[in-house]
2 protein chains.
Amino acid sequence: MTALYQDVALRLRRAISDGTYPPGSQLPSEHELAEWFGVARSTIRHALAMLGEDGVVASHRGARRTVLAVPRLQNFGELRSFSLWARSIGAEPSGRVELLERRAATEVQARELGLSADDPVIYVVRVRLLDGKPVMIERTAYVERAGLLLSFVDLERESISERLEEHGIVFAHAEHTIDAVNATPDDARLLAIEPGLALLRERRRATDPRGQALEWSEDRYVGDAVAFTIRNSIALSPLVRDRAATPETAAASTTNSGN
Amino acid sequence: MTALYQDVALRLRRAISDGTYPPGSQLPSEHELAEWFGVARSTIRHALAMLGEDGVVASHRGARRTVLAVPRLQNFGELRSFSLWARSIGAEPSGRVELLERRAATEVQARELGLSADDPVIYVVRVRLLDGKPVMIERTAYVERAGLLLSFVDLERESISERLEEHGIVFAHAEHTIDAVNATPDDARLLAIEPGLALLRERRRATDPRGQALEWSEDRYVGDAVAFTIRNSIALSPLVRDRAATPETAAASTTNSGN
DNA sequence: TAGTGGTCTAGACCACGCC
DNA sequence: GCGTGGTCTAGACCACTAT
């Protein structure tokens, strides 16, 4: 069912989590692991490469691998879906729909979603709550193909992404741009906070496995409720620091231009 | 010198950048690429895996790879070093040292750096400027081994990380936690902005190749000057959403809590 | 059904760390 | 010099897509 290397990776993760190989210690050699697991060395290497991508182990030619940290659980689905994420930390997610309409795409939405000007999008504004406390405003434009299915979803209770996956709409890739903004009066009203409070803004473009844009969203998190964490290393650096988009630079910026 | 697969990856990146394989198009098959480049299929796969990690291509069993986006240039060094990053976007970096002293680690610093209470750290507060405009405050605690070398660095002009690398201190891994805070009066004074303006806060723990902590830093960026971008996918998700540190949760949390 | 990517093996040689 | 991880090859079989 699952691939051998995934099984090996899982078992190594567990061994690190349960203290067999605590952070700072060294892993057995690839040769030893291959013997113990009864697989080829390349299969062990494939598994170890995955741990390396997660920042769990570090490796250097000539020396055994070092354990850097205990693995984190979170997966892509939990990052994309507020509901999944909330439940994974033991909180009860809910949502309040402020707006849901089919309308012409704005210039930005059209560019990010790869649409022509005035193509229709489904635009949704939702306030997301954690254990009854508002923590985020989600302003999302869906392409028509995905958005039309929203009429089948109970937006107050259900997870949009979970329901869309049941209908064959799969989110596979995303690009996130993160900066900070002060809460507008409108933000403050929706989140029941003071205007001017610092909010963490995440602009997200998500695509299906083929790279076809499915949604473009601008989410604003209450600064003291949510944070993002990224691990990276010399070998793997998915995080990029950008000059923020300003009215003058927005048009020229590569971060924001679509497709 | 460079590995074959790295050379192949570079050439494929170039082919995507120059429009040979634009976003949305399909790459040739692994078999074809292996023949063209004169290498084994596994070498091609290794190169393509790197492009996949960067979110440049997507792959599915049975179908050819799809180009998702044009590759971004930035590397790990440019993320860690403000100076390198600034020059890479064509701006002139500078810095102003507000404080530099050797002192006992705070509780948080000791925990993040893996020190005992009251072990000494080198604490530096610097304002970083882009083309003369203040955009960031950097409050960094270095472990003694790295920090003592700072006396050899011209902090107003030089890049700390570049000089430390010359002395054998190599930054290899980092974990970043990002949230939003309002500028304190002190922040506002240093950055020449209004108090209360939304700032992007990055707390960063960086280690050497062995996972030994080298620095722990709390940086605050002016919200309209800098943003961070992350790409991820089902297969690779280095980004994690966390509940932010609150006075109650800070003690239990490993990721966060303030300076 | 042919082609494609995903997985896995067995073996080779090399560059580097450590003793 | 020995053990380690890094690179590379050649070939096999399988699961899935496209047609």
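These legends go with close-up views of a predicted model of two protein chains and two DNA strands.

**View 1. Chain A at a glance.**
Chain A has 259 residues, and 54% of them are buried. Its secondary structure comes to nine helices and 10 strands. Take the contacts in chain A with a separation of 6 or more: residues 24 or more positions apart account for 58% of them. The accessible surface of chain A is about 11700 Å². Carbon and sulfur atoms hold 51% of that surface.

**View 2. The surface near DNA strand C.**
DNA strand C is surrounded by 23 residues. The closest are Leu4(A), Ser42(A), Thr43(A), Arg41(B) and Arg64(B). Within 4 Å of the protein, 75% of the atoms of DNA strand C belong to sugar and phosphate. Both chains help to build this surface. From chain A, α1 (4–17) and α3 (41–53) each supply at least two residues. From chain B, α3 (41–53), β1 (57–60) and β2 (63–67) each do so too. By class, the residues divide into seven nonpolar, seven polar and nine charged.

**View 3. Phosphate oxygens of DNA strand C.**
Here the focus is on single atom pairs. A polar backbone atom of Ala40(A) sits 2.8 Å from a phosphate oxygen of DNA strand C. The side chain of Thr43(A) has an N or O atom 2.4 Å from a phosphate oxygen of this strand. Chain B takes part through Ser59(B), with a side-chain N or O atom 2.8 Å from a phosphate oxygen of DNA strand C.

**View 4. The surface near DNA strand D.**
Around DNA strand D there are 24 residues. Arg41(A), Arg64(A), Leu4(B), Ser42(B) and Thr43(B) come nearest. Of the strand's atoms within 4 Å of the protein, 73% belong to sugar or phosphate, and the rest to bases. Chain A contributes through α3, β1 (57–60) and β2 (63–67), and chain B through α1 (4–17) and α3. Each of these elements supplies at least two residues. The surface has eight nonpolar, seven polar and nine charged residues.

**View 5. Base and phosphate atoms of DNA strand D.**
Arg41(A) pairs with a base: an N or O atom in its side chain is 2.7 Å from a base nitrogen of DNA strand D. Arg45(A) pairs with a phosphate instead, with a polar side-chain atom 3.0 Å from a phosphate oxygen. On chain B, a polar side-chain atom of Thr43(B) lies 2.4 Å from a phosphate oxygen of DNA strand D.

**View 6. Arg139(A), a buried charged residue.**
Arg139(A) belongs to strand β5 (residues 133–143) of chain A. Its relative accessible area is 16%, so it counts as buried, because buried means under 20%. The side chains of Arg139(A) and Asp187(A) are joined by a polar contact of 2.9 Å. Leaving out residues up to four places away in sequence, Arg139(A) also touches others, including Tyr123(A), Leu190(A), Trp216(A) and Glu218(A).

**View 7. Leu164(B) in the largest nonpolar core.**
This core holds 93 residues. Tyr142, Leu164 and Leu200, in chains A and B alike, touch the most other members. Leu164(B) touches Tyr142(B), Ala146(B), Leu149(B), Leu150(B), Ile169(B) and Phe171(B), not counting residues up to four places away in sequence.

**View 8. His173(B) and Ala206(B).**
His173(B) lies in strand β6 (residues 173–182) of chain B. It counts as buried, at 15% relative accessibility. His173(B) and Ala206(B) are 33 residues apart in sequence. In space, their C-alpha atoms are 5.6 Å apart.

Terms used
Residues numbered from 1 in each chain as written. Chains lettered and ligands numbered in written order. Predicted model: local features only at pLDDT ≥ 70, side-chain atom pairs only at ≥ 80, totals over all residues. Heavy atoms only, no water. Core = buried A, V, L, I, M, F, W, Y, C linked by side-chain atoms within 4.5 Å. Buried < 20%, exposed > 50% of the residue type's maximum accessible area, 1.4 Å probe, protein only. Contact = heavy atoms within 4.5 Å. Near = heavy atom within 4 Å. Polar contact = N/O pair within 3.5 Å; in protein donor to acceptor, adjacent residues only side chain to side chain. Helix = DSSP H or I, 4+ residues; strand = E, 2+ residues; numbered from the N terminus. Nonpolar A, V, L, I, M, F, W, Y, C, P; charged D, E, K, R; others polar. Areas by Shrake-Rupley, 256 points an atom, 1.4 Å probe, with all protein chains shown as cover.
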